[in-house]
Amino acid sequence: MRVLDLFSGIGGFAYAGQLLGGFTTIDFVELDSYCQQVLRKNFPNVPIHDDINTFDTSTRFGEYDLITAGFPCQDLSSAGKQAGLGAGTRSGLFYRVMQIARQVRPKYILLENVANTISHANGQSFQQILYEIAKSGYNAEWGIVSARDVGGCHLRKRIWIIAYANDPRYYRTSKCQANSKWTETISEGYKSQPQPTRQAHTVANTQSIRVERHRNSRQQEQLTLGKTGLLDWSDTGIRLSSDWRTFASQPMLRRGDDGLSRRVDRLKCLGNTICPQTATIPLNRIKELDALFQYS
């Protein structure tokens, strides 16, 4: 699949796609200059665009099969100011992601953010995200997966939202719609909102046996929507090496050096990036969906 990677950071999604296979990143969009250096080193043949607001996609219809976007979390994180998705917020760049999606019309969109997204503002921010996805002509399903699920020593719990095009040109045939277990309606709260498209209600199926079997009490408490698409994909990804504790994080010999070069920049990048092995879980789900839609 051809991938447009927005808010690329140091290339976590691109590396996850390489680990899993079947994904080729053809454009990065990343503002930070140090992250750009890392991207150029590890992905020298992939163009880097420096600003999502000026990235011109008006002539790129059909060029990408997948958009990946770990959009800014500062206004949704429990550690931040809780400003939400409003105008002028960094997390509000989510709307720019969806604007790009409407222009290039990928088959799939993969969004990543902090787990608090699902309960921020008593669930209203998450409802707005789902509404914007549906309004753009996409269905969605989502799951909360952490680095610990793939063998990491830290939690790094994140919500991953997969949106897939509700369009017959992208394998969304009537047969597929009838046989798929993954479609349902958004919560009753959307009924009072204007619906720009006929498909704007459809998001995810919560009656699936698979969903009900894997949902636990902790997940139930996190959800504020009456009907949800929270899924458990945590057993389908690539795990971290079990030898991670043996990896050196500091030089073995100290001279005039006090550690790694550009330590602050590196730590900032690592703090903002995704765990690539975790990303292989929703990416693998996208491959499953693509096979399903083509078969159907």
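Reader: How much space lies in the largest cavity?

Author: About 50 Å³. Keep in mind that we're looking at a predicted model, so to speak of its holes is to speak of computed ones. A cavity is a spot where a probe fits but can't get out. Here the count comes to two cavities of 30 Å³ or more.

Reader: Which residues line the largest cavity?

Author: Start with the run Val145, Ser146 and Ala147, then add Glu112, Arg156, Arg158 and Trp160. The rest of the lining is Thr273, Ile274, Cys275 and Thr278. By class, that lining has five nonpolar, three polar and three charged residues.

Reader: Arg156 caught my eye on the backbone plot. What is its phi, and where does Arg156 lie?

Author: Phi of Arg156 is near 45°, a positive value in a residue other than glycine. Arg156 lies in the loop between β6 (138-145) and β7 (158-165). So to find Arg156 on screen, look in that loop; the residue also belongs to the lining of the largest cavity.

Reader: OK, now pockets. How much space lies in the second largest pocket?

Author: A pocket, unlike a cavity, is an open set of points. The second largest pocket holds about 890 Å³. It has 34 lining residues, and the closest to its centre are Phe7, Glu30, Pro72, Arg90 and Asn272.

Reader: Which helix or strand gives the most to the lining of the second largest pocket?

Author: That's α8, with four residues. At least two residues each come from α1 (12-20), β5 (108-114) and α8 (263-272). As for chemistry, the lining of this pocket divides into 15 nonpolar, 11 polar and eight charged residues.

Reader: Back to Phe7 for a second. Where is Phe7 placed?

Author: Phe7 sits in the loop between β1 (2-6) and α1. Its phi is near 50°, again positive in a residue other than glycine.

Reader: Last one: how do I read helix packing? What are the angle and the distance between the axes of α3 and α4?

Author: Two packed helices are described by the angle between their axes and the distance between the axes. Helix α3 (residues 94-104) and helix α4 (residues 124-135) pack at about 15°, with their axes 10 Å apart. Angles under 35 degrees count as roughly parallel, and α3 and α4 are therefore roughly parallel to each other. Their crossing is right-handed.

Reader: Which residues of α3 and α4 meet?

Author: From α3 you have Phe94, Tyr95, Met98 and Arg102, and these meet Gln128, Ile129, Glu132 and Ile133 in α4. The residues of this contact divide into five nonpolar, one polar and two charged.

How values were computed:
Residues numbered from 1 in each chain as written. Predicted model: local features only at pLDDT ≥ 70, side-chain atom pairs only at ≥ 80, totals over all residues. Heavy atoms only, no water. 1 Å grid on protein atoms, 1.4 Å probe; cavity = no way out; pocket = protein on both sides within 12 Å on 5 of 7 lines; lining within 4 Å. Points joined across faces, edges and corners; volume = space filled by probe spheres on them. Nonpolar A, V, L, I, M, F, W, Y, C, P; charged D, E, K, R; others polar. Axes fitted to C-alpha atoms, helices over the stretch in contact; angles between N-to-C directions. Parallel < 35°, antiparallel > 145°, perpendicular 65-115°, else oblique. Left-handed = near helix turned anticlockwise from the far one by under 90°. Contact = heavy atoms within 4.5 Å.
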